[in-house]
Amino acid sequence: MSLAGTEVILRRAAAPDALAAADVWLRSFAAALPTVVSPRSADEVRGYFREVVVPSLETWVASVTGDEDADGVVGVMVLDGDELSQLYLDPGWRGRGIGDRFIGLAKERSPGGLGLWTFQVNKPAHRFYERHGFVATEYTDGSGNEEREPDVRYVWRP
C-alpha cells in the first residue's frame, strides 16, 4: 500500500519490533480509550510485548517506509489461535486502510472464524468490526478483564 511515496507493509514481528509495537499499543490505547484505566504501567506493557507477545504469539506489524515522520511501526495485530487478541493503530495512521488490511490478513490466517473482545465504550471499534462481518455475541460487566471495564465479544464466521 502506498500513500504518496510511503509504503505500508504488513509483516511478522521480530524481536527488534517489540518496543515499537508496544509503543503503538500505548499511544492507541490512550487515544481510543481515554476513560479506561490500564492496569499496567508503560514499562510493564513494553516488557509484556518483549517477553510474551512477540516471541510467543502470532504478532504482525504494519511497517512504514519512505516517510521521515513515521517511526517505522504504525500498527500491531496479535493472533492467538482463532482469537484476534490485539489490533491497534498509531492514532495518526487511522483511516488509511491499515486496519482493513489487518482484518483481511486475520481472516486468511483463521479461515474457520475469529473471535475478539473489545470494550463497550469503544464504539468506533464496534462499527469497524461490524463493517467487517463480526457480530456481537456476549456483553459482560468487565469482571473478567484486567481493566474491570464492561466489554463485548465479537465473532466472525465465514
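These notebook entries record what I looked up on salt bridges and on the largest pocket.

**Entry 1. Salt bridges**

I worked from a predicted model. I first looked up the number of salt bridges, and the structure holds nine.

**Entry 2. Asp90 and Arg27**

I then turned to Asp90, which forms a salt bridge with Arg27. The closest N and O atoms of this pair are 2.5 Å apart. I noted where the two residues sit: Asp90 lies in the loop between strand 5 (83-89) and helix 3 (98-109), and Arg27 belongs to helix 1 (residues 18-32). The two are 63 residues apart, and the pair links distant parts of the chain.

I also asked myself whether Asp90 is buried or exposed. Asp90 counts as buried because its relative accessibility is 13%, and the cut-off for buried is under 20%. Arg27 has 32% relative accessibility and therefore counts as partly exposed.

**Entry 3. Arg50 and Glu51**

Next I examined Arg50 and Glu51, whose side chains meet in a salt bridge at 3.1 Å from N to O. I recorded both Arg50 and Glu51 as exposed.

**Entry 4. Arg109 and Glu58**

I found a salt bridge between the side chains of Arg109 and Glu58, with an N to O distance of 2.5 Å. Here, too, distant parts of the chain are linked: Arg109 is in helix 3 and Glu58 in strand 3 (residues 58-65), 51 residues apart. For Arg109 I noted a relative accessible area of 44%, so this residue is partly exposed.

I then looked for salt bridges that share partners, and I noted that such bridges join Asp23, Asp43 and Arg46 into one network.

**Entry 5. The largest pocket**

I turned to the largest pocket and entered its volume as about 1200 Å³. Its lining comprises 43 residues. Which of them lie nearest the centre of the pocket? I listed Gln86, Leu87, Tyr88, Trp117 and Thr118.

I next asked which element gives the most to the lining of this pocket. Strand 5 does, with seven residues. Helix 1, helix 2 (42-56), strand 5, helix 3, strand 6 (114-119) and helix 4 (123-131) each supply at least two residues of the lining.

Finally, I sorted the lining of the largest pocket by class, and I entered 21 nonpolar, twelve polar and ten charged residues.

Note on methods. Residues numbered from 1 in each chain as written. Predicted model: local features only at pLDDT ≥ 70, side-chain atom pairs only at ≥ 80, totals over all residues. Heavy atoms only, no water. Salt bridge = Lys/Arg side-chain N within 4 Å of Asp/Glu carboxyl O. Helix = DSSP H or I, 4+ residues; strand = E, 2+ residues; numbered from the N terminus. Buried < 20%, exposed > 50% of the residue type's maximum accessible area, 1.4 Å probe, protein only. 1 Å grid on protein atoms, 1.4 Å probe; cavity = no way out; pocket = protein on both sides within 12 Å on 5 of 7 lines; lining within 4 Å. Points joined across faces, edges and corners; volume = space filled by probe spheres on them. Nonpolar A, V, L, I, M, F, W, Y, C, P; charged D, E, K, R; others polar.
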